[in-house]
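This report follows a single chain from its overall make-up to the packing of selected helices. Please keep the sequence and the coordinates at hand while reading.

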Amino acid sequence: EEKANFAKSRSLAERTWILENAVKRTDTKKAIKGFMNTLKTRDTEALLESLHMAATVCSLRIRKMDNKKMRNLVFGIRRSMMSKLATEKNPRTVFQYVVLTLHSQMASGLVHIPSKIINRILYLFEGKLKPDVIGFLKRYHELLNSLGDAVLSATTKQESKESKDGPLDVANASGKLKKLCRVAKKYGVTPDTIKILLEEDMDDEDLEEMGQDDLVDDMGIPAKQAELVIKAVADDGTDKDQPDSKEDDNKAVEMKELLSLMDILKKAAATPKEALLE
C-alpha cells in the first residue's frame, strides 16, 4: 500500500528519473564513506581527492579560496588573537598567542599547534625575526619551564587579591595600626578586616593583648582573617631563615623577569612586520 501511495504521489517523469538514477545511490554512498575514512588518516592528498569525488557525486560545488579571501581570513584571526592577547594575564596563554601571532605575520598564514609543544616552531623565526626578539621568546619559555605551576598560581593569586581586596591604604590607619598595615599584605590581612579594627578603635598594642577568639566573637572578624591578624601582630620584623628561602627568592626574581618579558612580547606581537624583520 505504501509503494502504491508513493507511486501515485509521483509523476511518470519523476518515477522514470528515480529508476534511471538509482544506480548513483551506490556511488554516492561509496564516495561519502571513502571521504569519511580519509578523515581518520594524515594523508592530505588522499583527503582532498576523496573530497572532490564526494562533492562530484553529490552535485556540490566547492570553490577554491582565492588569495584575497585567504588574506582577509588570516588577518581577521590574527586581529582576534591580538585583541585577546592585550587583556590576557595567564603567562602560558600569552606565550601561545604571541608565537602564533608572530608566525602568522612572518608566514602570512595560520598554524594550529598544541600549547605544550608550541616552542618547537621557534626555529622558524631564525633569520627572520630580530635576534633580540628571538632571545626574548626563548628566555620567556625557559622561565615558564623553570617556574612550572608557580606561574599560574602566582598570577591567579595576584589577580584575585587586586580584584577582591584592592590596595591597602596605610594612611587611613592614622598611626593606630601602623605595624599591622606594614605586614598586612605579607600575611594576607584584607582592607575590610583593617576597617573593622579601626571602627572598633583598635591599635597595635590592643591587638597584641587579644586572642583569635576575641576578634571573632567580639568584632565579627572571620576566623581565618583573625588567625592572620594574630600572626601579623606577632611579627617582630625579623624573618627566620627557612630551608627554601633562597629558592623562593630565586622564584620571585624569575617571576619578576617573566612579567617584564610578558609586556615586551605583547608589544612585539602588536608591532608591524617590517619593524620585526632582521
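Does M70 count as buried, partly exposed or exposed? The model examined here is a predicted one, and in it M70 counts as partly exposed, because its relative accessibility is 39%, a value that lies between the 20% limit for buried residues and the 50% limit for exposed ones.

## Overall make-up

The secondary structure of the protein chain consists of 15 helices and zero strands. Of the 278 residues in the chain, 28% are buried. Among the contacts with a sequence separation of 6 or more, 60% are accounted for by residues that lie 24 or more positions apart.

## Helices α5 and α6

M70 belongs to helix α5, which runs over residues 67-87. The C-alpha atom of M70 is separated by 8.3 Å from that of G109, although the two residues are 39 residues apart along the chain.

Helix α5 packs against α6 at an angle of about 150 degrees, and the two axes are 10 Å apart. Because angles over 145 degrees count as roughly antiparallel, α5 and α6 are roughly antiparallel to each other, and their crossing is left-handed. On the α5 side the contact is made by V74, R78, M81, M82, K84 and L85, which meet V94, Y97, V98, L100, T101, S104 and Q105 in α6. Sorted by class, this contact of α5 with α6 holds eight nonpolar, three polar and two charged residues.

## V98 and the partners of α6

V98 lies in helix α6 and is buried, because its relative accessible area is 0%. When neighbours within four places in sequence are left aside, V98 is in contact with L85, L137, L265, K266 and A269. Of these partners, L85 is one of the α5 residues that meet α6, while L137 is one of the α7 residues in the contact with α6. V98 and K266 are 168 residues apart in sequence, yet their C-alpha atoms are 6.7 Å apart in space.

Another pairing across the sequence involves Q105, which is among the α6 residues that meet α5. The C-alpha atoms of Q105 and E274 are separated by 9.7 Å, with their positions 169 residues apart along the chain. E274 is placed in helix α15, residues 273-276, and counts as exposed because its relative accessibility is 62%.

## Helix α7 and its packing on α6

Helix α7 covers residues 131-147, and its 17 residues should span 24 Å at 1.5 Å a residue; the C-alpha atoms at its ends are 24 Å apart, so the expected span and the model agree. The buried residues of α7 are V133, I134, L137, Y140, H141, L143, L144 and L147. The residue that follows α7 is G148, whose phi is positive, near 60 degrees.

The axes of α6, residues 91-107, and α7 come within 11 Å and cross at roughly 155 degrees. The two helices are therefore roughly antiparallel to each other, and α6 passes α7 in a left-handed crossing. P91, R92, V94, F95, V98, V99 and L102 of α6 make this contact with L137, Y140, H141 and L144 of α7. The residues of the contact of α6 with α7 divide into nine nonpolar, one polar and one charged.

Which residues does H141 touch, once those up to four places away in sequence are not counted? They are F95 and N119, and F95 is one of the α6 residues in the contact with α7. H141, which is placed in helix α7, counts as buried because its relative accessibility is 18%, a value under the 20% cut-off.

## Helices α12 and α13

Further along the chain, helix α12, residues 212-219, and helix α13, residues 223-233, have axes that come within 8 Å and cross at roughly 135 degrees. That angle makes α12 oblique to α13, and α12 passes α13 in a right-handed crossing. Q212, L215 and V216 in α12 meet A223, A226, E227, V229 and I230 in α13. By class, the contact of α12 with α13 has six nonpolar residues, one polar residue and one charged residue.

Technical notes. Residues are numbered from 1 along each chain as its sequence is written. This is a predicted model: local features need pLDDT of at least 70, side-chain atom pairs count only at pLDDT 80 or more; totals for chains, interfaces and linings use all residues. Side-chain values use heavy atoms; hydrogens and water are left out. Helices (H or I, at least four residues) and strands (E, at least two) are DSSP runs, numbered from the N terminus. The expected span of a helix is 1.5 Å times one less than its number of residues. Buried means under 20% relative accessible area, exposed over 50%, partly exposed in between (1.4 Å probe, protein chains only). Axes are lines fitted to C-alpha atoms, for helices over the stretch in contact, and angles run from 0 to 180 degrees between N-to-C directions. Angles under 35 degrees count as roughly parallel, over 145 as roughly antiparallel, 65 to 115 as roughly perpendicular and the rest as oblique. A crossing is left-handed if the near helix is turned anticlockwise from the far one by less than a right angle, and right-handed if clockwise. Contact means heavy atoms within 4.5 Å. Ala, Val, Leu, Ile, Met, Phe, Trp, Tyr, Cys and Pro count as nonpolar, Asp, Glu, Lys and Arg as charged, and the others, Gly among them, as polar.
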